[in-house]
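Here are a couple of exercises to work through with the structure open. Try each task before you read its solution.

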Amino acid sequence: MQDFDTIVIGGGIVGLATAWAILERRPGVRIAVVEKEDDWARHQTGRNSGVIHSGIYYKPGSLKAKLCREGNRRLMEFCDDHGIRYEACGKVIVATSESELPRLESLYERGIANGLAVKRLSVPEVKEIEPHISCLAGIHVPSTGIVDFAAVCRKLADLIAAEGGELCLRTKVVGFRANGNNAVLETTKGTLSARRVINCAGLHSDRVARLSGAEPGARIVPFRGEYYELKPARRMLVRNLIYPVPDPQFPFLGVHFTRMIDGSVHAGPNAVLSLKREGYSRASFELRDFLDTMTYAGFWRLAAKHAKSGLEEIHRSFSKKAFVHSLQKLIPEITEEDLIPGAAGVRAQALRPDGGLVDDFLIVNGPSAIHVCNAPSPAATASLEIGRVIAEQIPSCAAIR
Ligand SMILES: Cc1cc2nc3c(=O)[nH]c(=O)nc-3n(C[C@H](O)[C@H](O)[C@H](O)COP(=O)(O)OP(=O)(O)OC[C@H]3O[C@@H](n4cnc5c(N)ncnc54)[C@H](O)[C@@H]3O)c2cc1C
């Protein structure tokens, strides 16, 4: 049995950033990162919009607001220090109907409350930044940027290895028990033990928490986000990032345009219930995942509250025409011919038994483990800060050689 001071489960950006934060504080600590796939960032982290969020959307004082704003700054600094390409290109959020104007204003005020240098934009000012938009008003958020989060993960993994951390790919955690003061993990590659385990298992974080005997108080419900991509000849329709005013009832931002760091332009993502936690196509299905959702009272309470918008999302998933219609609200000259199907991602969204979506990041501190039970967007942006917060919660860190 291999023994460590700390084991991190999950090789997405939250797990790797956490392992790095621990190593930065305690060089020489015996740490391992255990990931079931054959490479880093195979799930949410490698299948997202690649946006370094500013923190404008989040309730002032929430973990999301605090860790996103500081995470944005630290992530850009990390990229500067390690030669990772990113751009602080800024983004515009635009109101396309009269009814969205008060919500755009509230968003502007929230940006100010969150300490951001946001600016109100008139229509000509919006068009100066993004000439193809049609809107009634906008906000400019200069601190938003773009990056390849998988590239950040590869660099974090290199740094962890260089500091003596053990990187265990193709290693799935299948059992978790206490043995005195230690946690013992059964994996597909043998038994590991540690004084402290950090569960950063993303779409499986609730299951890993329950394996350890902890009760996270919420269940992960997977929401697939599907994208289209603009054909290269039509990328000129979008210079940087164009977002609608989000619906405050939902945790997702609404379909938007994102220029990726490789120059491609993505449109999306929508938000449809996925019948498989790691299911990236409409045909993806896994009986256990399906039953987990369907037998959960919280899901049915959520579905009852949002039946109409849920059905609209399903329609938009099957109908390119409906998807394009949403995009045309932002850029009227977009047509179905301009778009080709892109990759999809699945969001791990924690849902409470009462049907309420867990809005903030949720980090549960158990007897021998810390569980990251809700780390949806902007957790990639905030990852270095989430890692810092977790590292500071490990009392044994101070005692480790
Ligand atoms: C469509 C979409 C768009 C998004 N856009 C953005 C954006 O633009 N900006 C932003 O900041 N955030 C964005 N997000 C959110 C962001 O991607 C996530 O918050 C972040 O990647 C979460 O990282 P993670 O490490 O917690 O999860 P993951 O990246 O999912 O990593 C978890 C890892 O745990 C591993 N694992 C699970 N179970 C086990 C086990 N039993 N044993 C071993 N390993 C296990 C998995 O294989 C996986 O690699 C988006 C998310 C999606 C889905």
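**Exercise 1: cysteines**

Searching the whole structure, a predicted model, turns up 0 disulfides. Work out why Cys 68 and Cys 79 have no such bond.

*Solution.*
1. Start with the cut-off: two cysteine sulfur atoms must lie within 2.5 Å to count as a disulfide.
2. Take Cys 68. Its closest cysteine sulfur belongs to Cys 79 and sits 14 Å away, so that's too far for a bond.
3. Now Cys 79. Here the closest cysteine sulfur is in Cys 153, at 11 Å, and that is again too far for a bond.
4. Check the surroundings too: Cys 68 is buried, at 0% relative accessible area, and Cys 79 also counts as buried, at 1%.

**Exercise 2: the ligand**

Describe the residues that surround the ligand, and find polar contacts to Lys 36, Ser 49 and Ala 375.

*Solution.*
1. Count the shell: 37 residues surround the ligand, and Glu 35, Thr 45, Val 51, Ala 375 and Thr 381 are the closest.
2. Sort them by type, and you get 16 nonpolar, 15 polar and 6 charged residues.
3. Look at the side chain of Lys 36: one of its N or O atoms is 3.1 Å from a ligand oxygen.
4. Turn to the backbone. A polar backbone atom of Ser 49 is 3.2 Å from a ligand nitrogen, while a backbone N or O atom of Ala 375 is 2.7 Å from a ligand oxygen.
5. Next comes coverage: of the 1,000 Å² of accessible area the ligand has on its own, the protein covers 97%.
6. Finally, trace the elements. Those giving two or more residues to the shell are α1 (13-25), β18 (339-351) and α11 (379-392), with α11 supplying the largest share, 3 residues.

Notes. Residues are numbered from 1 along each chain as its sequence is written. This is a predicted model: local features need pLDDT of at least 70, side-chain atom pairs count only at pLDDT 80 or more; totals for chains, interfaces and linings use all residues. Side-chain values use heavy atoms; hydrogens and water are left out. A residue is near a molecule or strand if one of its heavy atoms lies within 4 Å of it. A polar contact is a pair of N or O atoms within 3.5 Å; within protein, one must be able to donate a hydrogen and the other to accept it, and residues adjacent in sequence count only if both atoms are side-chain atoms. Accessible areas come from the Shrake-Rupley method with a 1.4 Å probe; for residues, only the protein chains shown count as cover. Helices (H or I, at least four residues) and strands (E, at least two) are DSSP runs, numbered from the N terminus. Ala, Val, Leu, Ile, Met, Phe, Trp, Tyr, Cys and Pro count as nonpolar, Asp, Glu, Lys and Arg as charged, and the others, Gly among them, as polar. Buried means under 20% relative accessible area, exposed over 50%, partly exposed in between (1.4 Å probe, protein chains only).
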